[in-house]
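Hi,

Here is the structure I said I would pass on. Have a look at it first, and my notes on what turned up follow below.

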Amino acid sequence: MPSEETRTETRTDKTETLTATETRAVPGQASSTSSTRAWTTWTTRLLMLGIVLAAFNLRPAITSLGALLEEVRDGLGMSGSVAGLLTSVPPLCFAVFGVTAPRLARRFGPGAVVWAGMVAITAGLLIRPYAGGTAGFLAATALALMGIAVSNVLMPVIVKRYFPDQVGSMTGLYSMALAFGTSIAAAATVPVTNALGGGWQPGLAVWATLGVAAVLAWIPFVRHREAPQSASASERTADAPGGRGAGPAPEQPPLRITRSRTAWALAVFFGLQATAAYITMGWMAQIFRDSGVSAGTAGLLLAVIMVMGVPLAFVIPRVATRLPHQGPIVLVLGVCGLAGYAGLYFAPVGGAWAWALLLGISNCAFPLALTMVGMRARTGAGVAQLSAFAQSTGYLISIPGPLLVGVLYQHSGGWGLPITLMCALMVPQIVVGVLAGRDRTVEDEVGR
């Protein structure tokens, strides 16, 4: 075509820009070029900051409450059974609300939905300490968890859509920020509460300030419905039969995701790793304390388990994207978990720090699962469906775990049976993780 013959391309700082000759030949390209420049400068940096701030806000609502649960129970007159159910409310909300995220993203755009999620988190954290009763506290907590749920699902979609050539790095950055936020909220809530006068209400409400920062960072992306040119080209190449230059692919119907064996394997893997994570957050400190470790040391051991996710959450996704099969990583994490639980069973005090390190490594299956979500689908729409299915189904699977551990502990009078259960669950986690790590996509398995 004549217009194509007049095109020339130059590359500056790894960014493609169109020359004046091309701009004249193809009407309307000037605005597209300026859009690309914008995405490679401040907009991209702001989006990266927004991803980090969003990730940082996805766990303090849970771990800050755990640190002050006894004070909250006393302050609200909450029964023991209601307090016990709180350990299963997060995965239940993640499963129920997370499944709505792809539909909301198609209608309003992923940026707008994540922004709304940050607003919900901020409002829930700010309202719940002053709601005036157990019902209001639970309702405000559910509001915050609803925001967390949709953001959980859409973070892999955002990464795939806007950073298609940096899935491993960006997933690692997001996972590292999430792990850091989890650890900070668990470790700092009590000291911050004491510094604010000792009341549990301001100690919980203070975490809403992080949500405000995330809300402000996502405002510019509320109306962003289009990915930068590089991401759009990547998806067009994946979908269009003609490859590069074939033009935008027509809108495709939703995937029949439940027919994909890989999707089911990934969902079960996600559910089993979430089970281990919520058991760890809910019970691990108590396991160490009942074994003879002091309360202060037990808290430090739990912090070690959680903080291991900060560096490894950045490393594991980068390694995973360089491998054709993620099964070896699944196996290493699983073996660490088996060794950690075995040590906890036979020598909980003598090797406590070693077991904490091993279990911390094992808990890094979460960033690996997120990375595989981005790798097991070719397009942003496919990632959105797979993310919603894997996370919603996975969180449903994880709901009984913490409750079952409590029941076994109560009826057996010790931690032998619960630890045996945790160790046993690691075996199917390894199996389904290896299956989910195979080099294939859900589009290839189910068609349309």
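The lining of the largest cavity is made up of 14 nonpolar, six polar and one charged residues. Bear in mind that this is a predicted model. The cavity in question has a volume of about 330 Å³. If you want to find it on screen, go to L178, A277, M306, N363 and F366, which are the closest to its centre among the 21 lining residues. Five helices each supply at least two residues of that lining: α12 (167-195), α16 (261-290), α17 (295-307), α18 (309-320) and α21 (365-375). Which of the helices gives the most to it? That is α16, with five residues.

In total there are four cavities of 30 Å³ or more in the structure. The second largest cavity holds about 50 Å³ of space. Around it you will find L272, T275, A276, I279, Y341, M422, L425, M426 and Q429. Two elements, α16 and α24 (416-436), give two or more residues each to this lining. By class, it splits into seven nonpolar residues, two polar and no charged ones.

One residue from that second lining, M422, is worth a click. M422 sits in helix α24, and it counts as buried because its relative accessible area is 4%, below the 20% cut-off. Leaving out neighbours within four places in sequence, M422 is in contact with I279, I287 and Y341. Take M422 and Y341 as a pair: they are 81 residues apart in sequence, yet their C-alpha atoms are 7.3 Å apart in space.

T182 is another one to look at. T182 belongs to helix α12 and is buried, with a relative accessible area of 4%. Beyond the residues up to four places away in sequence, T182 touches R59, T63, M281 and M306. M306 has come up already, as one of the residues closest to the centre of the largest cavity.

Now for the cores. The largest nonpolar core has 78 residues, and I51, W218 and L368 have the most contacts inside it. Helix α11 (residues 134-162) gives the most to this core, with 11 residues. Where does W218 make its contacts? Not counting residues up to four places away in sequence, W218 touches L47, G50, I51, A54, G111, V114, W115, M118, M155 and I158. There is also a second, separate core of 24 residues, which includes I279, M306, L359 and W415.

Two helices are good to view for their buried residues. How much of α21 is covered? Mostly all of the helix: 10 of its 11 residues are buried. The buried ones are A365, F366, P367, L368, A369, L370, T371, M372, V373 and G374. L368, as you saw, is among the residues with the most contacts inside the largest nonpolar core, and F366 is among those closest to the centre of the largest cavity.

The other helix is α8 (residues 89-98), where P90, P91, C93, F94, A95 and G98 are buried. The buried residues of α8 pack against α5 (60-67), α9 (101-108), α11, α16 and α22 (380-398).

Last, the aromatic rings. The count comes to nine aromatic pairs. One of them is Y345 with F346, an edge-to-face pair at 5.0 Å centre to centre and 70 degrees between the planes. Are these two buried or exposed? Y345 is partly exposed, with a relative accessible area of 43%, whereas F346 counts as exposed at 69%.

Y409 and W415 make a stacked pair, because their ring centres are 4.0 Å apart and their planes are at 15 degrees, under the 30 degrees that stacking requires. Y409 counts as partly exposed at 25% relative accessibility, while W415 is buried, with a relative accessible area of 9%. W415 is also one of the residues in the second core.

Ring pairs also link F94, F270, F366 and Y395 into a cluster. Within that cluster, F94 is a buried residue of α8 and F366 is a buried residue of α21.

Cheers

Definitions and conventions:
Residues numbered from 1 in each chain as written. Predicted model: local features only at pLDDT ≥ 70, side-chain atom pairs only at ≥ 80, totals over all residues. Heavy atoms only, no water. 1 Å grid on protein atoms, 1.4 Å probe; cavity = no way out; pocket = protein on both sides within 12 Å on 5 of 7 lines; lining within 4 Å. Points joined across faces, edges and corners; volume = space filled by probe spheres on them. Helix = DSSP H or I, 4+ residues; strand = E, 2+ residues; numbered from the N terminus. Nonpolar A, V, L, I, M, F, W, Y, C, P; charged D, E, K, R; others polar. Core = buried A, V, L, I, M, F, W, Y, C linked by side-chain atoms within 4.5 Å. Buried < 20%, exposed > 50% of the residue type's maximum accessible area, 1.4 Å probe, protein only. Contact = heavy atoms within 4.5 Å. Phe/Tyr/Trp six-rings, centres within 6.5 Å; stacked < 30°, edge-to-face > 60°.
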